[in-house]
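Here is an informal walk through a structure you may not have met before. Take a moment to turn it around on your screen, and then read on.

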Amino acid sequence: MPLGLIGHGLRAGRRPRRALPPEARLRPRYDVAIIGAGGHGLAAAYYLARDHGITDVAVLDKGWLGGGNTARNTTIVRSNYLTPEGVRFYDESIRLFRGLSGELDFNILYSERGHLTLAHTDAALRTMRWRAEVNKHLGVESEMVGLDELARLCPPLNLDRGARFPILGALHHKPGAIARHDAVAWGYAIAAARRGVEIHQNTEVTGILTEKGRVTGVETSRGRIACGKVLQAVAGSSSLLAAMAGFRLPIQTVPLQACVTEPLKPFLDPIVVSGSLHVYVSQSARGELVMGGPTDPYALYSQRSTLEWKEGLAAPMLALFPFLAEVRVLRQWAGLADMTPDFSPIMGLTPVQNYYIDAGWGTWGFKATPVCGKRMAETVATGKPPSPIAPFDLGRFAAFRQLGERGAASVGH
Amino acid sequence: MTGEYRLPPAPGERIDRSRTVRFTFEGGEFEGFAGDTIASALAANGVSTLSRSFKYRRRRGILALSDRDANTLVQLPGEPNVPAAVREIEDGMEVLGQNYTGSLERDRGAWIGRFSRFLPVGFYYKAFYRPSGAWQRWEPVFRARAGLGSVDPAAVPGRFDKKYGFYDAVVVGGGPAGLAAAATAAGAGAEVLLVDDQPAPGGSLTYARFGVDRASQEEELRALVAAVEAAPNVEIMTGAVCEGRFADNWLSIVRGRRLHKVRAKTTIVATGAVEQPIVFRGNDLPGTMLPSAAQRLIRHYGVRPGNRAVVATAGRDGYAAALDLLEGGVEVAAVVDLRQHPDPSPEAAAVAERGIGVVAGHTPSEARRRGRAGRVGAVRVSPILDRGRLGKGGETISCDLLCMSAGTMPAAQIACHAGARLVYDRTLSGLRIDRVPDGMFVAGAANGRHGLGPTIADGRRAGRAAAQALGLDPGEAPAAPDDSGRLRNHAWPIFAHPKGKEFVDFDEDLAVRDLTDAVHEGYDDIELTKRYSTVGMGPSQGRYSATNALRVAAAAAGRSLDEAGATTVRPPVSGEKLGVLAGRGLEPVRLTPMHHRHVEAGARTMVAGDWLRPAFYGPEADRDRLVEEEAAHVRSAVGLIDVSTLGGIEIRGPDAAAFLDRMYTFAYRRQPVGRLRYVLMCDAAGTIIDDGVACRLGDGHFYVTATTGGADRVHREMLWHNAQWRLDVDIANVTAAWCGVNIAGPRSRETLARIAPEVDLSTEAFPYLGVREGLVADIPARLLRVGFVGELGYEIHVPAGFGEALWDRLMEAGAADGIRPFGVEAQRLLRLEKGHIIVGQDTDGLTTPMEADMEWAVRRSKPFFVGGRALDVHDRHPATRKLAGFVLSDADAAAPEECCLIIRDGEIAGRVTSAMRSPHLGRVVGLAFLPPGDAEPGKRFEIRRPDGETVSAEVAPLPFYDPGNARQEG
């Protein structure tokens, strides 16, 4: 048994040490205000403090800490993207994730289970070949695997050639991982707070104050605060907040649903994704199957669940694993996905000076939490986006310098 | 013998004593009666441990005898987590407990319970991560203990299906309130569906006790049920669970293996209430249950729940339960009332009359088990000083049944799915449903009503309200409903013990301290408390923990309960099987009219969207040879390919040409009737999304083809755009109405001439890119002279019903010319030799016409077309890539896989999109994206194969075959 727990046992009976800071008074001025206390905002706060010595930071959230998409995603981490820019970026994220538990002194339960993207058509095989080649070129472990290898990597998978959409092969991405999403937010929050960052929950930003094209502060439900710089990291509400700041984003916000089953004894090691069937699944540390599918077909700012989505998920899931027919779905929920035209995020400067943006995270935000936080912190601190995130600037859309990730990002998150 | 605990027969029981059912549990043989559930049959046989708990592997048995009880989930072959409390036994059923190592009785993993002090809430966040990577080694240890039941990958799924329903009012819950509501709404003329999860309606009336004398309540039950059964406009669905309520009263109701999807104009929630446990050390020992569970055992299954009972309560329900226990042959040792001064009630008086001791102002403070068996053997009863504090004194009472409840909370799930919230109400000392949306009415115990009269009256009120909402006349309002029956809960039935194990959440093995620690560590918002501790996240979804967890968390956070609020409730209510959700899993396959001819000819098919298409004809082993032969045959003689899967869209109306001018990049206004023209579609970003041809059949009539996979999208885009443009055109997707073939090769004209004598096929009369309508094999046909494969050829489109006849007649007519069918693979090769792109293969999600070297297909002078403005923007920025033809330098080299990278100076410079060995050229040809400067003929580059080897290639002019196009235009 690890020493930490023995210590806990010996202290049992005493009140535990407070890890997350208690609610505090909102001060009238901060150097930096970060809007959104999700994984991204908290990570940025942490790296601002750690790497740049900027600790006069307030992280503001309209709800509870990590209660937005951080709490709603399906926790998959991978870097098997299509564009070199994307692959490099997410690969850096994976490298940060690997050391994160130790770094934050908080176990985020990061588990490299391997990630299989199934191909049911020759077109899908072709895209996978492309991904595999780009990945390998950039030093990311991705390989095409045939049916024999697939049967070894995932024995319960239905490889019946007579299926309606028989599986032809797969892209195997060994570093593919899952983690405890909440723990990432909590770990960053605790570590940031330890360095002096203030976290204000239930503090909704209602307006952005600017002067001569430069941000000067934010209006909140708890009063006005002045600040030198603002970072917005509010996946699901990005366009609304940008509108408050006075600019538009090429984003459509659509609900993205997910569900879990009751706990089952472990039988599924890898994360399994089928782009053609639009479903994916992994088995959590608790034994639940965490399942997802396509985004809802229309734009909506609502976190409601639908029956249709769940029905649409079940049939293809059973095509992959027919024996799950008797397994029950225990809970379904929805997050909000800010979809960009090229399925890549938007990071960097905005038309408002000193107002920085971290948005467009569609269905791929969780896996970028550490790297985005680190690079956005650098952007806020220096006023200049560092080269790994420079290609993801907002300006690329006007110039059609898009980073086409549709083939690697549309499902499988 | 079907159990030592079986009671003599009594009215109202659900078992058929004439039919004995034999089953096994944990390998032991047991008998029960038809109608017994797994849990009731085992209880009749004195088995009290049904499974092991999630974290500490403690013995667990019946808590609520409901399907939402984590403690009674068992394993059947191929089916995990089966609710033992509702699944009826069948002959030969093999039942196992869950979540143990070794056997249920001797769980080798149960040692962990003794180390609970070292496993505080969230312990896995606090350790196991140093040194870096340690979790990868620890995780398998945790993983081995995770989960409850097991799946069997070899299990064959059964059949499931779905049914739709439409009602004026759906009443969820067939207890007294639901029955009254259904009868009232139906009386006003509403079409009503009454859904109840039990085998028979009646709810609490069938097992609970309202008053000292049960006779009047049985009368009431008969009357309520009779009223509903007599109404022709009420449909009663028993054994069904309303699992979810979605937008606009769209209900998911599961009955057995069928999903009923029901649209209700109004919903009446009469789901009753759930008893909330008292929290004390050992409150999870088998034999400790909610009073309603004991009452159900007695009334529904004729099972004596124990020999000697202690009833702990905070209201008159407990006294009623004590009376039921006495009737069920259980000795009642004492009634422990948490209230200092219990209200007098007839039930309490009856209990006193029967000589049962009542200990007021006391609570169970610790349940202890008897010997090695897991079951409760005694309970320590202590005086309550104030909130949660216990005084000295008290006594220990031996018992093997401990019924305990401190009140109830509404079964609020369906209301909460609709947007209602659970709020803490100080006057009730409990949770109440608030903010019920329009079109939904909450009645009975779910609405906080208590006692039979008030519950029924509230049901009638809800039924009237629903009828009024439906615009029906419910008649005279009865006298103001009796509002006296308000439930009061005990405000603080939580008694922490220095040694812990006083469980708040039975699913997750969470004791009081786990929750207070979570709050003290800073997870003080109730949503954070829930996530950090996982309270309420197990199979019972917080039904038995919500009230107490809220109390503990709020107190620890120093917040008042009103501020704390409850966590979000999400569907489904009890869990929907994936099979039920999937239904029959319809996966339609689209087959062309000629499909069976392909199969007869030995075709290997491939999936193309929803379609199956012939890839080539012959055995898989000869694939490469067959594809080459089929292609060579088109070049030298005549071949026939089924192109029915191509999209077909009719555009008719005065604005037809103007519409195409906007949808596609090319120009169509001056296209002559009787000619066809290439079409290329871009999206608003200037990305190529589809191509095909547009045949002008009349001034205001075009027949446009689309790619197999893109047809539906093209049609959708057209409708979407014209919804804004409002051009005077009619757009019809006729893909399925038409089918077609392409007959191609130098002898195609001779073949066709034999069966199309009325069509002048001469080059002069019917030139390349011409379109004609005429009879082919006596079938009215559209003939298109196209050149996709690079030979003289005709696409012949006929109404789908004639497809097979057309195919047969062409094969017959071409016999003399050696006609041979060819598949998609040969067509890919033929088109590649001609340098034609396949959208989606030679283009990707960002490819512009300029990048695809198809500027020729874009009429930039047009005032507008979709994507045009984007292309203008693209023009202002330097190009980054261009699609070009290439040949491999080494004539013997094998074709690189499509999507291999082109590497220059160690960097990615491009990508191969198509590559095949050309029999005509005797070498590998292909298309590739290259930097614009490198896309000039003669430039050399390196392709890297997946194995890391590189192969040299050289840019070559397109097309590779017949550059003058003499063959296709001849």
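Let's start with a single helix, α13(B): ten of its twelve residues are buried, so the rest of the structure largely encloses it. Keep in mind that this is a predicted model. The buried residues of α13(B) are B:Ala546, B:Thr547, B:Asn548, B:Ala549, B:Leu550, B:Arg551, B:Val552, B:Ala553, B:Ala554 and B:Ala557. The helix takes in residues 546–557 of chain B, and at 1.5 Å a residue those twelve should span 16 Å. The C-alpha atoms at its ends are 16 Å apart, which agrees. Just after α13(B) comes B:Gly558, which has a positive phi, near 70°.

For a contrast, look at B:Asp872, which belongs to helix α23 (residues 868–875) of chain B. Is B:Asp872 buried or exposed? B:Asp872 is exposed, because 11 other C-beta atoms lie within 10 Å, and the cut-off for an exposed residue is 12 or fewer. To get a feel for distances in chain B, pair B:Asp872 with B:Gly328: their C-alpha atoms are separated by 86 Å, and these positions lie 544 residues apart along the chain.

**How the chains divide up**

Chain B has a domain assignment with five entries: domain 1 (1–152), domain 2 (161–274 + 410–469), domain 3 (278–405), domain 4 (492–565) and domain 5 (878–970). Between domain 1 of chain B and domain 2 of chain B, the C-alpha centres lie 31 Å apart.

In chain A, the assignment gives domain 1 (26–76 + 82–91 + 98–103 + 181–251 + 342–409) and domain 2 (112–175 + 253–339). The C-alpha centres of these two domains of chain A are separated by 28 Å. Where they touch, 22 residues of domain 1 of chain A are in contact with 22 residues of domain 2 of chain A. On the domain 1 side, α3 (84–98), α8 (238–245) and α11 of chain A each give two or more residues, and α3(A) has the largest share with four residues. That side of domain 1 of chain A divides into nine nonpolar, ten polar and three charged residues.

**Where chain A meets chain B**

Now for the contact between the chains: 82 residues of chain A are in contact with 83 residues of chain B. Elements that supply at least two residues to the chain A side include α1 (3–11), α7 (181–194), α9 (307–320) and β17 (328–339) of chain A. Which element gives the most to the side of chain A that touches chain B? That is α5(A), with eight residues. By class, this side of chain A has 43 nonpolar, 20 polar and 19 charged residues.

The two chains also share strand pairing. β17(A) is joined by two bridges to strand β30 (residues 576–577) of chain B, and the two run antiparallel. Here A:Val329 stands opposite B:Glu576 in β30(B).

**Two sheets in chain B**

Strands of a sheet pair through backbone hydrogen bonds, either parallel or antiparallel. One sheet in chain B is a closed barrel of six strands, in the order β44-β47-β46-β45-β48-β49, with antiparallel pairing. Its neighbouring strands are turned by 45° against each other on average, direction ignored. Helix α22 (residues 824–833) of chain B lies across β46 (907–918) and β47 (923–930) of chain B, at about 115° to β46(B).

Another sheet in chain B is open, with five strands in the order β35-β36-β37-β34-β38 and antiparallel pairing. Its edge strands are β35 (676–682) and β38 (730–733) of chain B, each pairing on one side only. In this sheet, neighbouring strands are turned by 25° against each other on average, direction ignored. Helix α18 (residues 656–663) of chain B lies across β34, β35, β36 (688–698) and β37 of chain B, running at about 130° to β34(B).

Here are two antiparallel strand pairs, one from each sheet:

| Strand | Paired strand | Bridges |
|---|---|---|
| β45 (901–904) of chain B | β48 (940–944) of chain B | three bridges |
| β34 (647–652) of chain B | β37 (701–706) of chain B | six bridges |

Down at the level of residues, B:Ile903 has B:Glu942 in β48(B) as its bridge partner. For B:Glu650, the bridge partner in β37(B) is B:Tyr703.

How values were computed: Residues numbered from 1 in each chain as written. Chains lettered and ligands numbered in written order. Predicted model: local features only at pLDDT ≥ 70, side-chain atom pairs only at ≥ 80, totals over all residues. Domains from an automatic or database assignment. Contact = placed C-beta atoms within 7 Å. Nonpolar A, V, L, I, M, F, W, Y, C, P; charged D, E, K, R; others polar. Pairing = 2+ DSSP bridges. Buried ≥ 20, exposed ≤ 12 C-beta atoms within 10 Å, placed from the backbone. Expected span 1.5 Å × (residues − 1). Axes fitted to C-alpha atoms, helices over the stretch in contact; angles between N-to-C directions.
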